[in-house]
Amino acid sequence: MYIPKHNREEDHDKLLAFMRAYSFATLVTAHAAFPRATHLPFLIETDGETIRLIAHMAKANEQWRDFADGERVLVVFQEPHAYISPRHYEQPLSVPTWNYVAVHAYGDLSLRESIEDKLHIVRRLIGSTDHDYLHQFDALPPEFVAAKLKGIVAFAIVVSELQGRFKLSQDRTPTERETIIASLRSEADSTRATIGEMMRDRH
C-alpha cells in the first residue's frame, strides 16, 4: 500500500483497534497470477506479539482452492471514508481529495479442517456478534450442525506485516483541518461524520 510518511500509522494498538472495529474485511489471494477476493467477518486475536486472523468461507467459494498451508495472503480492513472538498482550503489553487483509513494485514494462511476446529471458530464468531443466539445455536441438532460445518472452509492467518494508512488531512493547515472536522462532524451521513471524529482524535 502506498503510504506517505505523514499518513503512516505504526502503533499496533491503534491498528488492532481499527481492525476490530471494522472486522468485516476483504481476503485477497493470488494463484497463477489470478487474484481473487472475498468479503468476510474476521476474528482478531493476539498472543503476545502474534496477531492471528480467524475466519471461514463457503466451500462453494472457489477461492479456497488457492489455499495451502503457508500461503501468503492479504486482508484489507477499510470502511470509513469521505470526500474532502477544496472549498475548505485557504489556498484557491487546490484540488479535491478523499480521506480514509485502511489497514493491510499480510500473513501466512493455514487451514483448520477438523469439525471441532470449525465448530470452535463458528461459536466464537457468533459469540462476538450475536451472543444471545449462542444458546439457540447450541440446541440445534448435532447432525444439522455437522452438515453445515462440512460446507465451510475455516482458516487462520498469522500476520507477518501490518501496514496502516490514516489519511486524515495531516498535510493541511490547522485552520483547514478545523474547518474540515467541523463540516464532517455536522453531517447526517454517519460514515462522513466518523471520519470527522477520527480527524479530531488525531488533531
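Helices (H or I, at least four residues) and strands (E, at least two) are taken here as DSSP runs, numbered from the N terminus. By this definition serine 169 lies in the loop between β8 and α5, a spot to which the text returns below. The model is a predicted one, in which local features need pLDDT of at least 70 and side-chain atom pairs count only at pLDDT 80 or more, while totals for chains, interfaces and linings use all residues. Residues are numbered from 1 along each chain as its sequence is written, and side-chain values use heavy atoms, with hydrogens and water left out.

A good place to start is the overall layout. The chain holds 6 helices and 8 strands, arranged along the sequence in the pattern β-α-β-β-β-β-β-β-α-α-α-β-α-α. Its C-alpha trace spans about 65 × 40 × 35 Å along the principal axes. Of the 203 residues, 42% count as buried, where buried means under 20% relative accessible area, exposed means over 50%, and partly exposed lies in between (1.4 Å probe, protein chains only). Contact means heavy atoms within 4.5 Å; among contacts between residues at least 6 apart in sequence, 72% join residues at least 24 apart.

The strands can be followed from one partner to the next, two strands being paired if DSSP finds at least two bridges between them. Strand β2 (residues 24-31) pairs with β6 (residues 71-84) in the antiparallel sense over 3 bridges, and here leucine 27 stands opposite valine 75. On to β7 (residues 97-112): β6 is joined to this strand by 12 bridges, again antiparallel. Within that pairing, glutamate 71 stands opposite leucine 109, and valine 76 has histidine 104 as its bridge partner. Strand β7 is in turn joined to β8 by 13 bridges in an antiparallel arrangement, with valine 101 opposite phenylalanine 166. Strand β8 also runs antiparallel to β5, through 7 bridges, one of the partnerships being that of alanine 55 with phenylalanine 155. Finally, β5 pairs with β4 (residues 43-47) over 5 antiparallel bridges, where arginine 52 is the bridge partner of glutamate 45. The hairpin of β4 and β5 has 2 residues between the strands, and glycine 48 takes a positive phi near 65° there.

Several of these strands meet again in the interior. A nonpolar core is a set of buried Ala, Val, Leu, Ile, Met, Phe, Trp, Tyr and Cys residues joined through side-chain atoms within 4.5 Å. The largest such core has 38 residues, of which Leu27, Phe42, Leu53, Val75, Phe77, Phe155 and Ile157 touch the most other members. At least two residues of this core come from each of α1, β2, β5 (50-58), β6, β7, β8 (152-167), α5 (174-185) and α6. Strand β8 gives the largest share, 6 residues. Apart from this core lies another, of 7 residues, including Ile126, Leu134, Val145 and Leu149. Valine 75, already met opposite leucine 27, shows how the larger core is knit: leaving aside neighbours within four places in sequence, this valine is in contact with Ala25, Thr26, Leu27, Phe42, Leu53, Val103, His104, Ala105 and Ile157.The model also has pockets. On a 1 Å grid over the protein atoms alone, a pocket is an open set of points where a 1.4 Å probe fits, with protein on both sides within 12 Å along at least five of seven lines, and lining residues have an atom within 4 Å of a point. The largest pocket has a volume of about 160 Å³, volume being the space filled by probe spheres set on the points, which are joined across faces, edges and corners. Its lining consists of Lys14, Ala17, Phe18, Phe166, Leu168, Met198, Asp201 and Arg202. The elements giving two or more residues to this lining are α1 (12-21) and α6 (190-202). By class there are 5 nonpolar, no polar and 3 charged residues, with Ala, Val, Leu, Ile, Met, Phe, Trp, Tyr, Cys and Pro counted as nonpolar, Asp, Glu, Lys and Arg as charged, and the others, Gly among them, as polar.

Some single residues complete the tour. Most residues other than glycine have a negative phi. Serine 169, in the loop between β8 and α5, has a positive phi of about 60° although it is not a glycine; this serine counts as buried because its relative accessibility is 4%. Alanine 32, in the loop between β2 and β3 (34-41), is exposed, with a relative accessible area of 72%. Alanine 32 and aspartate 66 are 34 residues apart in sequence and 9.2 Å apart in space, C-alpha to C-alpha. Threonine 175, found in helix α5, counts as partly exposed at 45% relative accessibility. The C-alpha atoms of threonine 175 and threonine 194, 19 residues apart along the chain, are separated by 20 Å.
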